[in-house]
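Subject: Structure handover

Hi,

Here is the structure for you to load. My notes follow below.

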2 protein chains.
Amino acid sequence: MTKYGKKILEIVSASHSHMTAEEIFAALRQTYPTVVLATVYNNLNRLWQEDLIRKVSVEGMPDRYDRIQRHDHLVCKRCGKLLDIDLGDLTAQLEKKAGISILSYDLKLTYLCDDCRKKTERKGM
Amino acid sequence: MTKYGKKILEIVSASHSHMTAEEIFAALRQTYPTVVLATVYNNLNRLWQEDLIRKVSVEGMPDRYDRIQRHDHLVCKRCGKLLDIDLGDLTAQLEKKAGISILSYDLKLTYLCDDCRKKTERKGM
DNA sequence: AATAAATTTAGAATAATTCTAAATTGGTGT
DNA sequence: ACACCAATTTAGAATTATTCTAAATTTATT
């Protein structure tokens with residue numbers, strides 16, 4: 001594990017904000033001002049392959065990186081805001097239903113956040 | 001609903017192959033040879049906003065479009081191959097656990113497909 | 001120290017998607 | 001049928017995220 005990989009893992013693991021590569025890049029430069037963006041992508045891909053971080057893709061947004069600790073996500077359909085939520089570990093239940101063994105699963109609930117619900121109501125939609 | 005929107009909805013609804021915008025574009029041109037790609041994106045976004053089609057994003061791949069009929073997905077961690085699987089409707093269970101009402105949910109199981117498992121074994125990983 | 005292997009760098013390249021502004025189309029009401 | 005307004009389409013440029021390439025640097029190995 002290289003110094004960049006280590007630090008990037010630290011940044012992503014500590015964050016609860018689903019950072020983009022750019023944001024991670026910015027955070028990493030606080031410590032290593034000369035690092036380049038390609039290095040961030042290299043390391044993120046490596047860490048992801050090694051199952052040390054998660055990738056979260058929300059349609060139409062840049063990929064986000066997330067700590068590995070299991071949890072689920074809540075995405076607002078309208079504004080795309082992404083929140084953590086924990087619905088417990090469904091692995092056993094899902095494996096049983098699917099009849100295969102899985103490495104992991106991603107569960108994303110789509111809803112309307114409070115702000116967007118208000119806006120929607122105002123417009124009478 | 002315009003003629004393009006209608007046809008695009010038809011194409012996506014009939015397909016079980018999680019088409020990309022480019023693939024949908026190609027299919028649409030069979031019927032309307034002069035249509036441009038931007039129109040495909042416009043319509044896909046519209047149809048998605050109206051909940052007539054689904055968007056599926058797999059990390060590192062272009063967005064794919066899917067029929068709305070509920071079903072889940074199986075993604076190979078190594079090669080990215082995307083398959084349909086149906087684990088039944090978990091909406092009620094998830095809403096109860098989450099304590100909110102949701103519009104929909106996306107469930108993606110990550111596994112190693114047979115081909116990739118074989119390759120992995122061969123390499124002793 | 002010498003060699004090999006992995007990582008980083010710089011910057012170009014690619015690919016997906018969005019944006020802009022003009023042109024076209026599809027109703028609506030008269 | 002005609003004028004009007006809104007929505008859609010078009011063409012092509014622009015943007016953004018990400019990957020790629022080849023050289024340089026760092027790290028580990030003999």
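**DNA strand D**

H3(B) gives the largest share of the surface near DNA strand D, five residues. Near means that a residue has a heavy atom within 4 Å of the strand or molecule. Helices here are DSSP runs of H or I with at least four residues, strands are runs of E with at least two, and both are numbered from the N terminus.

Before you go further: this is a predicted model, where local features need pLDDT of at least 70, side-chain atom pairs count only at pLDDT 80 or more, and totals for chains, interfaces and linings use all residues. Residues are numbered from 1 along each chain as its sequence is written, chains are lettered from A and ligands numbered from 1 in the order in which they are written, and side-chain values use heavy atoms, with hydrogens and water left out.

Back to strand D. Helix H3 (37-49) of chain A and helix H3 (37-49) of chain B each supply at least two residues of the surface near it. There are 16 residues around DNA strand D, and A:Tyr41, B:Tyr4, B:Val36, B:Thr39 and B:Arg46 come nearest. The surface residues divide into eight nonpolar, six polar and two charged. For that split, Ala, Val, Leu, Ile, Met, Phe, Trp, Tyr, Cys and Pro are nonpolar, Asp, Glu, Lys and Arg are charged, and the others, Gly among them, are polar.

Which part of the DNA faces the protein? Of the atoms of DNA strand D within 4 Å of the protein, 84% belong to sugar or phosphate, and the rest to bases.

Polar contacts (pairs of N or O atoms within 3.5 Å; within protein, one must be able to donate a hydrogen and the other to accept it, and residues adjacent in sequence count only if both atoms are side-chain atoms) on strand D include these:

- A:Tyr41: a side-chain N or O atom is 2.6 Å from a phosphate oxygen.
- A:Asp63: a polar backbone atom is 3.1 Å from a phosphate oxygen.
- B:Thr2: a side-chain N or O atom is 3.1 Å from a phosphate oxygen.

**DNA strand C**

Around DNA strand C there are 16 residues, of which A:Tyr4, A:Val36, A:Thr39, A:Arg46 and B:Tyr41 come nearest. Sugar and phosphate account for 85% of the atoms of DNA strand C within 4 Å of the protein. H3(A) gives the most to this surface, with five residues. The surface divides into eight nonpolar, six polar and two charged residues.

Phosphate oxygens of DNA strand C pair with a polar side-chain atom of A:Thr2 at 3.1 Å, a polar backbone atom of A:Val36 at 3.3 Å, and a side-chain N or O atom of B:Asn45 at 3.3 Å.

**Helix H1 of chain B**

H1(B) covers residues 3-14. Its 12 residues reach 16 Å from first C-alpha to last, close to the 16 Å expected at 1.5 Å a residue (1.5 Å times one less than the number of residues). B:Gly5, B:Ile8, B:Leu9, B:Ile11 and B:Val12 are its buried residues. They fall within an arc of 165° seen down the axis, so they line one face of the helix. The arc uses directions from the helix axis to the C-beta atoms. Exposed B:Lys6 and B:Ala14 sit on the face turned away from the buried side. Buried means under 20% relative accessible area, exposed over 50%, and partly exposed in between (1.4 Å probe, protein chains only).

**One loop residue**

A:Ser15 is in the loop between helix H1 (3-14) and strand S1 (19-20) of chain A. It is buried, at 11% relative accessible area. A polar atom of its side chain lies 2.9 Å from the backbone nitrogen of A:Ser17.

Best wishes
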